[in-house]
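This briefing concerns the packing of a helix pair and the pairing of charged side chains. Please consult the sequence and the structure shown here alongside the text.

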Amino acid sequence: DEMRLQERFDARIDAGDFIEAKDWMPEHYRKTLLRQISQHAHSEIVGMLPEGNWITRAPTLKRKAILLAKVQDEGGHGLYLYAAAETLGSSRDQMLDALHTGKAKYSSIFNYPTLTWADIGTIGWLVDGAAIMNQVPICRCSYAPYARAMIRICREESFHQRQGYGSLLTMMQHGTPEQKAMVQDAVDRWWWPSIMMFGPPDDQSPNSAQSMRWGIKRVSNDELRQKFVDAAVEQAKVLGVTLPDPELKWNDERQAHDFGAIDWSEFWRVIGGDGPCNRERLGARVKAWEDGAWVREAALAHAGKHQTMKEA
Ligand code: FAQ
């Protein structure tokens with residue numbers, strides 16, 4: 001029986017069908033999705049912190065309103081993604097516990113500090129740019145609840161990317177020499193971590209082969225990274241900044257840019273918990289959870305009273 005179910009599942013995947021929450025699925029498929037979607041959700045929530053750091057210091061009311069809206073969107077993305085992950089049979093409490101105890105990962109990129117206002121524009125340009133490049137193919141993920149969440153998220157992410165790039169353009173076109181230097185410095189610091197976001201090289205990515213087979217991943221880590229680099233080179237020219245990689249150059253034969261070696265030891269260190277801000281980020285999430293305990297308790301007590309009244 002199990003074998004027939006497995007065969008039917010494989011055939012549906014091969015035919016490019018979408019799998020819904022109530023459909024039969026292999027346990028490993030369910031676990032892989034739960035891992036990826038919950039880590040994606042955690043990334044959105046932890047990703048609110050580096051930018052949240054600048055809400056009180058945004059240079060104008062307009063920039064402050066935009067940044068507030070962006071950070072709120074990220075909270076919303078986290079919630080859609082937790083809801084999508086819950087359809088796979090895990091509770092939000094279990095997922096949050098995995099985050100708070102360091103068992104679940106979140107994107108490496110959010111363990112870097114936001115030192116100046118230019119970091120906010122740079123996150124929009126490079127980090128949201130990388131996020132979109134990675135997420136557009138997930139709109140066709142074989143697991144339908146994740147694919148549906150991704151469609152809306154990608155639309156909002158595109159707005160985030162444009163606001164970041166727009167903010168940097170303003171600084172580069174109308175800014176003082178100090179402001180232009182601030183943009184260049186932010187780009188120098190965020191470039192390498194941004195291209196690490198796509199994950200380890202394909203030949204060192206333990207989950208890729210199976211996830212590609214299942215249509216969870218549609219495009220490989222290295223392929224997405226290459227597309228991102230190619231797009232960013234042109235955008236950097238328009239901005240008037242340089243990318244901090246002396247080996248970055250067009251390769252006519254490959255019709256793509258060659259780029260320098262990525263420091264993968266830095267990447268593994270950061271995802272292992274030892275990046276510049278890991279402790280601060282996780283500490284902030286755990287504190288928020290603990291500080292919110294009274295709200296959860298009050299809500300439960302309130303719901304309990306209503307239940308008793310209804311029964312009476
Ligand atoms: N950071 O075998 P693979 C955003 C882990 S965008 C941390 O290649 P996989 C928007 C990986 O989990 C950021 N860990 O793994 C925003 C695995 O460990 P595990 C979030 C990473 O899953 C913008 C191990 O390394 N986006 O939030 C990273 O096939 C601005 C081996 O790797 C997503 O999560 C990394 N960068 O491919 C918000 C997109 N890379 O789990 C605020 C959905 C790899 O076995 C502000 N996720 N690892 O313990 C994916 O597409 C995939 O999960 C990949 C990794 C591509 C990230």
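The points below treat one helix contact and then a set of salt bridges.

The model is predicted. Helices H4 and H6 pack against each other at an angle of about 45 degrees, and a search of the whole structure finds 19 salt bridges. Three of these pairs are described individually, followed by a network.

**Packing of H4 and H6**

- Helix H4 spans residues 61–86 and helix H6 spans residues 117–135, and their axes lie 13 Å apart.
- The angle of about 45 degrees falls outside the ranges for roughly parallel (under 35 degrees) and roughly perpendicular (65 to 115); H4 and H6 are therefore oblique to each other.
- The crossing of the two helices, H4 and H6, is left-handed.
- On the H4 side, the contact is made by Arg63, Leu67 and Lys70; on the H6 side, Trp117, Ile120, Ile123 and Asp128 take part.
- By class, the residues of this contact comprise 4 nonpolar and 3 charged, with no polar residue among them.

**A salt bridge between a loop and a helix**

- Asp23 and Arg12 are joined through their side chains by a salt bridge, with an N to O distance of 3.1 Å.
- Asp23 belongs to the loop between helix H1 (2–14) and helix H2 (27–46), whereas Arg12 is in helix H1, so the pair ties together parts that are 11 residues apart in sequence.
- Asp23 counts as partly exposed, at 23% relative accessibility, and Arg12 also counts as partly exposed, at 26%.

**Salt bridges within single helices**

- In helix H4, Lys70 and Glu74 are 4 residues apart, about one turn of the helix, and their closest N and O atoms are 2.8 Å apart in a salt bridge.
- Lys70 has a relative accessible area of 1% and is therefore buried; Glu74, with 5%, is buried as well.
- In helix H10 (residues 221–239), Lys237 and Glu234 are 3 residues apart, which means a separation of about one helical turn.
- The salt bridge of Lys237 with Glu234 has its closest N and O atoms 3.4 Å apart.
- Lys237 counts as exposed, at 58% relative accessibility, while Glu234 is partly exposed, with a relative accessible area of 39%.

**A network of shared partners**

- Glu51, Lys70, Glu74 and Asp128 are joined into one network by salt bridges that share partners.
- Two members of this network, Lys70 in H4 and Asp128 in H6, also appear among the residues of the helix contact.

Notes
Residues are numbered from 1 along each chain as its sequence is written. This is a predicted model: local features need pLDDT of at least 70, side-chain atom pairs count only at pLDDT 80 or more; totals for chains, interfaces and linings use all residues. Side-chain values use heavy atoms; hydrogens and water are left out. Axes are lines fitted to C-alpha atoms, for helices over the stretch in contact, and angles run from 0 to 180 degrees between N-to-C directions. Angles under 35 degrees count as roughly parallel, over 145 as roughly antiparallel, 65 to 115 as roughly perpendicular and the rest as oblique. A crossing is left-handed if the near helix is turned anticlockwise from the far one by less than a right angle, and right-handed if clockwise. Contact means heavy atoms within 4.5 Å. Ala, Val, Leu, Ile, Met, Phe, Trp, Tyr, Cys and Pro count as nonpolar, Asp, Glu, Lys and Arg as charged, and the others, Gly among them, as polar. A salt bridge is a side-chain nitrogen of Lys or Arg within 4 Å of a carboxyl oxygen of Asp or Glu. Buried means under 20% relative accessible area, exposed over 50%, partly exposed in between (1.4 Å probe, protein chains only).
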